[in-house]
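Below is a short note for a colleague who has not looked at this model before. The points are numbered so that they can be checked one by one.

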Amino acid sequence: MKTTIEMPDALFAQARQYASDHRMTMKALIEQGLRMVMKQKPEAEPFRLADASVTGNGMTTEFRNASWEEIRDLIYERG
């Protein structure tokens, strides 16, 4: 099958030089590259943190108007 591909000029020049250095055609280089890519194990799905949010009505009344410093002090019992 014949097809047309577009690539940056610099990449084409590098590929042409590589093919020449290795005594192969551009067709053979592209075929080899495609086979190598398709043989590779697919990338694992990206890590996704499980949703650990909770339902509720916001902060309790004792914390509702407190500053972060006050909340932190109460959490670590510095108060």
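1. Arg72 is partly exposed, at 25% relative accessibility (buried means under 20% relative accessible area, exposed over 50%, partly exposed in between, with a 1.4 Å probe and protein chains only). Its partner Asp73 is also partly exposed, with a relative accessible area of 24%. The side chains of Arg72 and Asp73 meet in a salt bridge, with N and O 3.9 Å apart. The term salt bridge stands for a side-chain nitrogen of Lys or Arg within 4 Å of a carboxyl oxygen of Asp or Glu.

2. The model is predicted: local features need pLDDT of at least 70, side-chain atom pairs count only at pLDDT 80 or more, and totals for chains, interfaces and linings use all residues. Residues are numbered from 1 along each chain as its sequence is written, and side-chain values use heavy atoms, with hydrogens and water left out.

3. How many salt bridges does a search of the whole structure find? The search gives 3. Besides the pair in point 1, Glu31 forms a salt bridge with Lys27, where the closest N and O atoms are 3.9 Å apart. Glu31 also pairs with Arg35, at 3.6 Å from N to O. Lys27, Glu31 and Arg35 are thus linked in a network of salt bridges.

4. Glu31 and Lys27 both lie in helix 2 (residues 26–39), 4 residues apart, about one turn of the helix. Helices here are DSSP runs (H or I, at least four residues), numbered from the N terminus. Arg35 and Glu31 are likewise 4 residues apart in helix 2, and about one helical turn separates them. Within the network, Glu31 is partly exposed, at 31% relative accessibility. Lys27 is exposed, with a relative accessible area of 59%, and Arg35 is exposed at 54%.

5. Lys27 appears again at the largest pocket, where Thr3, Ile5, Lys27, Ile30 and Leu34 are the lining residues nearest the centre. The pocket is lined by 15 residues, and helix 2 gives the largest share of the lining, 8 residues. By type, the lining divides into 9 nonpolar, 3 polar and 3 charged residues. In this count Ala, Val, Leu, Ile, Met, Phe, Trp, Tyr, Cys and Pro are nonpolar, Asp, Glu, Lys and Arg are charged, and the others, Gly among them, are polar.

6. The volume of the largest pocket is about 430 Å³. A pocket is an open set of points on a 1 Å grid over the protein atoms alone, where a 1.4 Å probe fits, with protein on both sides within 12 Å along at least five of seven lines; lining residues have an atom within 4 Å of a point. Grid points are joined across faces, edges and corners, and the volume is the space filled by probe spheres set on the points.

7. Ala19 lies in helix 1 (residues 9–21). Is Ala19 buried or exposed? Ala19 is buried, with a relative accessible area of 2%. Leaving aside neighbours within four places in sequence, Ala19 is in contact (heavy atoms within 4.5 Å) with Met24, Thr25, Met26 and Leu29. The C-alpha atoms of Ala19 and Leu74, 55 residues apart along the chain, are separated by 69 Å.

8. Arg23 is found in the loop between helix 1 and helix 2. Its phi is near 50°, a positive value in a residue other than glycine. Most residues other than glycine have a negative phi. Arg23 is exposed, at 82% relative accessibility.

9. Ser67 lies in the loop between helix 3 and helix 4 (68–75). Ser67 is partly exposed, with a relative accessible area of 30%. Ser67 and Met38 are 29 residues apart in sequence and 55 Å apart in space, C-alpha to C-alpha.

10. On confidence, the mean pLDDT of the protein is 89, and 97% of its residues reach 70 or more. The score pLDDT is the predictor's confidence in each residue, from 0 to 100. Confidence is lowest in helix 3 (residues 61–64), at a mean of 83, and highest in helix 1, at 97.

Key: Helix = DSSP H or I, 4+ residues; strand = E, 2+ residues; numbered from the N terminus.
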